[in-house]
Amino acid sequence: MIVISYFTIMISWYQNFPLSMDPIAFTVGSFSVRWYALSYITAFLVIYLVLMWRVKKEETKNITKISNDKFQNRKEIQNTILDFLLVAFFAALIGGRIGYILFYNFSYFLSHPLSIIWPFENGSFVGFYGMSYHGGLIGILIGSWLFLRWKKINFRAWADFVIPAVPLGYFFGRVGNFLNGELYGRITNSPWGMYFTGDQTSLRWPSQLIEAFLEGIALFAFLWLMRKKETMKGKMLGVYFIGYGSLRIFGEFFREPDPQIGLIFNFCTLGQILSLIMVLAGFLILLSKKPKK
């Protein structure tokens, strides 16, 4: 009986845990910093540190070999990594915002165009609600291509180097979604469901944590193991597209569809359709020939 009672208490604590979370980490005067923002900053730093570790372990030979002798020493590579991540960060913000507008809520922003760039509502700062991963990905690809072309660095070689570290950033991003109480899952009768502030009457899958494991930990582990294989040279981008897209399609079955869109064909979400396109693009990358040196 004691064991059963203890188990019941733990399950109750687990299911109600999101209701006790404060999305605000700390406040300075009238300015509040959310865990969500700190999670994304942490994601940026973790990716940077992992790439620095790869430089320290001299896992950059392929870049220096086919990038027009651009890098003469380790310091130049480290500086380029930092510049690249800053470009990718802002490209992701711009692309993610534009992607959300075009893919998820075009009619609303067409009627309220000022909401695209105006973070205030009724005199209060509300920020920019709505970001699209797939839009952010497109933004990063465009920004990266322009940056690497300007730096005269081989795109595929650089992608092989950067991509294995990227999923760790997703892990912290999804944890940020969880701490912010957003993007929760579909209603479930499973004891693994949780109550969220947006719906305190129904148990819902903690889809943010499910995606954090799939897109973050699982994908990172796979890409990290693949990073040194000769057969993966020039192909890591394609493997990443297929891996992320497939895991996202599976994870979306736990996630509540966007209310303004719902289920498409009463079966799949828009995120799953965009991820399927991503998977197909990954196969095209794998089948394409490597560009000449």
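Hi everyone. Let me start right inside the protein: the largest cavity is lined by Y104, R248, E252, R255, E256, P257, D258, T269 and G271. I should say straight away that this is a predicted model. The space in that largest cavity comes to about 40 Å³. Sorted by class, its lining has five charged residues, along with two polar and two nonpolar ones. If you go looking for others, the structure holds one cavity of 30 Å³ or more. As a reminder of how we find such places, rolling a probe the size of a water molecule over the atoms shows where empty space is left.

Let me stay with one residue from that lining, R255. You will find R255 in the loop between α10 (236-251) and α11 (270-287). Is R255 buried or exposed? Its relative accessibility is 10%, so R255 counts as buried, given that buried means under 20% relative accessible area. And which residues does R255 touch, once we leave aside its neighbours within four places in sequence? The contacts are R174, L183, Y184, G185, R186, S207, E211 and R248. R248 is a name you have heard already, as it is also in the lining of the largest cavity.

Now let's step back to the whole chain for a moment. There are eleven helices and six strands in the protein chain. The chain has 293 residues, and buried residues make up 44% of them. Looking at contacts with a separation of 6 or more, residues 24 or more positions apart account for 70% of them.

Next, helix α4 and its surroundings. The axes of α4 and α7 come within 13 Å, crossing at roughly 90 degrees. That angle falls in the range from 65 to 115 degrees, and α4 and α7 are therefore roughly perpendicular to each other. On the α4 side, the residues that meet α7 are T80, I81 and F84; their partners in α7 are W158, F161 and V162. By class, this contact has five nonpolar residues, one polar and no charged ones.

Also in helix α4 is R97. Here the relative accessible area is 9%, so R97 is buried. R97 has S132 at 6.5 Å in space, C-alpha to C-alpha, although the two are 35 residues apart in sequence.

Moving along, N105 sits in the loop between α4 (74-103) and α5 (106-111). Why do we call N105 buried? Because its relative accessibility is 18%, and the cut-off for buried is under 20%. Leaving aside neighbours within four places in sequence, N105 is in contact with Y100 and Q260.

Last stop: the second largest pocket. Its volume is about 300 Å³. It is lined by 16 residues, and the closest to its centre are R54, E59, N62, R227 and K233. Which elements give two or more residues to that lining? They are α3 (61-66) and α7 (155-162). So far we had met α7 as the helix whose axis crosses that of α4 at roughly 90 degrees. As for the classes, the lining of the second largest pocket has nine charged residues, five nonpolar and two polar.

That's my tour. If you have the model open, try R255 in its loop between α10 and α11, and then go over to R97 in α4. Thanks for listening, and I'm happy to take questions.

Conventions. Residues are numbered from 1 along each chain as its sequence is written. This is a predicted model: local features need pLDDT of at least 70, side-chain atom pairs count only at pLDDT 80 or more; totals for chains, interfaces and linings use all residues. Side-chain values use heavy atoms; hydrogens and water are left out. On a 1 Å grid over the protein atoms alone, a cavity is a set of points where a 1.4 Å probe fits but cannot get out, and a pocket is an open set with protein on both sides within 12 Å along at least five of seven lines; lining residues have an atom within 4 Å of a point. Grid points are joined across faces, edges and corners, and a volume is the space filled by probe spheres set on the points. Helices (H or I, at least four residues) and strands (E, at least two) are DSSP runs, numbered from the N terminus. Ala, Val, Leu, Ile, Met, Phe, Trp, Tyr, Cys and Pro count as nonpolar, Asp, Glu, Lys and Arg as charged, and the others, Gly among them, as polar. Buried means under 20% relative accessible area, exposed over 50%, partly exposed in between (1.4 Å probe, protein chains only). Contact means heavy atoms within 4.5 Å. Axes are lines fitted to C-alpha atoms, for helices over the stretch in contact, and angles run from 0 to 180 degrees between N-to-C directions. Angles under 35 degrees count as roughly parallel, over 145 as roughly antiparallel, 65 to 115 as roughly perpendicular and the rest as oblique.
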